[in-house]
Amino acid sequence: MMLRALAALTLTFGISAAFAQTTWPNQTEGDYIIKDFHFASGETLPELKMHYTTLGTAKRNAAGEIINGVLLLHGTSGAGTDWLRPSLGDELFGAGQPLDSAKYFIILPDGIGRGGSSKPSDALRAKFPHFRYHDIVTSEHRLITEGLNVRHLRLVLGSSMGGMHSWMWGYMYPDLMDGLVPIASQPIEISGRNWISRRIAIEAIRHDPDWNEGNYATKPTHYIHTAPFGALMVESPVRLQEMAGTREAADALYQKWVAEVAKGDANDQTYAIEAILDYNPAPELGKITAKLLAINFADDEVNPPALGVVEPAIRQIKGAQYALVPASAETHGHFTHLRAAIWKPYLAAFMKELD
């Protein structure tokens, strides 16, 4: 659930953007165009482009429909190809790994507003429809079922924003998947410190002297100096101290964060942050019928376990499980979701149960 303004900061935390394995079996990219897409706001787009990456081995029924799909959902600041980074793909897709690409057909969509999918910065800027999480999930469902002809998903797994979307997939399309694994998320309305931090980011952009109601000719440049505040929410304080143990080191880290934020687009950032406004799966949890495993991290200050909201939530779902990964020298707060080696043992056991 990290802010889009922090999109490139994961590089600072030691996760290389260069893929250790550049190509997985049958890895391809494509676009699916949804004609006349209607958003929940009542706005429409004549063409909504959904970009995606697929890899692995598709198994089909007699009608030619894919029946072994695995859908992986990215975070607010990412895109589908985030799952190809070494700390995720190399831990998940190899032979004998939990999501072995020889066994599953793996789908990595870019949500609306991200990656190669339609987004404000393409052309429309502030005239782009104001999308929400239900729009993102609905459009990805159409990509899966209409564009890729997937009849059944073995698993829907997401982390951060993708984790929140996983809860939504569970109650919006309960018969579509066998398993759900929401990671680094909570099934409640975004509120408290989580929302306040997002509101700070939004207001910083909208009060930027160059904002011009989103119709700027050149990128706003003032808000970028406060945007790194979000990193203080998503990274472990212990890891931050290790990276910035002196004032000089902290200053250098701050300047690097500012430079990375400056590469983004202010409209894309505000749209991505505000997309969360319709998120509240709590009243819908009883509709989930798929087997569910929620995974969170003890040092995640974005989803602090002290709130005690996950345990009562999963009790509404038959057979649901909850794994809270203890803090350690290897965990990175909310950013632990980008390090599959830490949480994949829970996923591996869950996949065996599905089998």
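Which residues form a nonpolar patch on the surface? Keep that one in mind while you get your bearings; this is a predicted model.

**Start with the whole chain.** Show it as a cartoon and you'll find ten helices and eight strands. The radius of gyration is 19 Å, close to the 20 Å the globule rule gives for 355 residues, so the chain is as compact as a globular protein of that length. Turn it around: along the principal axes, the C-alpha atoms fill a box of roughly 60 × 50 × 40 Å.

**Switch on the surface.** You're looking at about 14,000 Å² of accessible area, and 54% of that belongs to carbon and sulfur atoms. Of the 355 residues, 55% count as buried. If you draw contacts between residues at least 6 apart in sequence, 79% of them join residues at least 24 apart.

**Now select residues 161–172.** This is helix 3, and eleven of its twelve residues are buried, so the rest of the structure largely encloses it. Among the buried ones, pick out Trp167, Trp169 and Tyr171, along with His165. Try a distance between the end C-alpha atoms too: they are 16 Å apart, which agrees with the 16 Å expected for twelve residues at 1.5 Å a residue.

**Next, select residues 192–206.** That's helix 4, and Ile200 is found there. Is Ile200 buried or partly exposed? Its relative accessibility is 41%, so Ile200 counts as partly exposed.

**Finish at the patch.** Add Ile196, Phe229 and Leu232 to your Ile200 selection and you have the answer to the opening question: these form the nonpolar surface patch, with about 370 Å² of accessible area together.

Conventions: Residues are numbered from 1 along each chain as its sequence is written. This is a predicted model: local features need pLDDT of at least 70, side-chain atom pairs count only at pLDDT 80 or more; totals for chains, interfaces and linings use all residues. Side-chain values use heavy atoms; hydrogens and water are left out. Patches are made of residues with over 30% relative accessible area and no salt bridge: like charges are joined within 9 Å, nonpolar side chains (Val, Leu, Ile, Met, Phe, Trp, Tyr) within 5 Å. Accessible areas come from the Shrake-Rupley method with a 1.4 Å probe; for residues, only the protein chains shown count as cover. A salt bridge is a side-chain nitrogen of Lys or Arg within 4 Å of a carboxyl oxygen of Asp or Glu. Helices (H or I, at least four residues) and strands (E, at least two) are DSSP runs, numbered from the N terminus. Buried means under 20% relative accessible area, exposed over 50%, partly exposed in between (1.4 Å probe, protein chains only). The radius of gyration is taken over C-alpha atoms; the globule rule is 2.2 Å times the number of residues to the power 0.38. Contact means heavy atoms within 4.5 Å. The expected span of a helix is 1.5 Å times one less than its number of residues.
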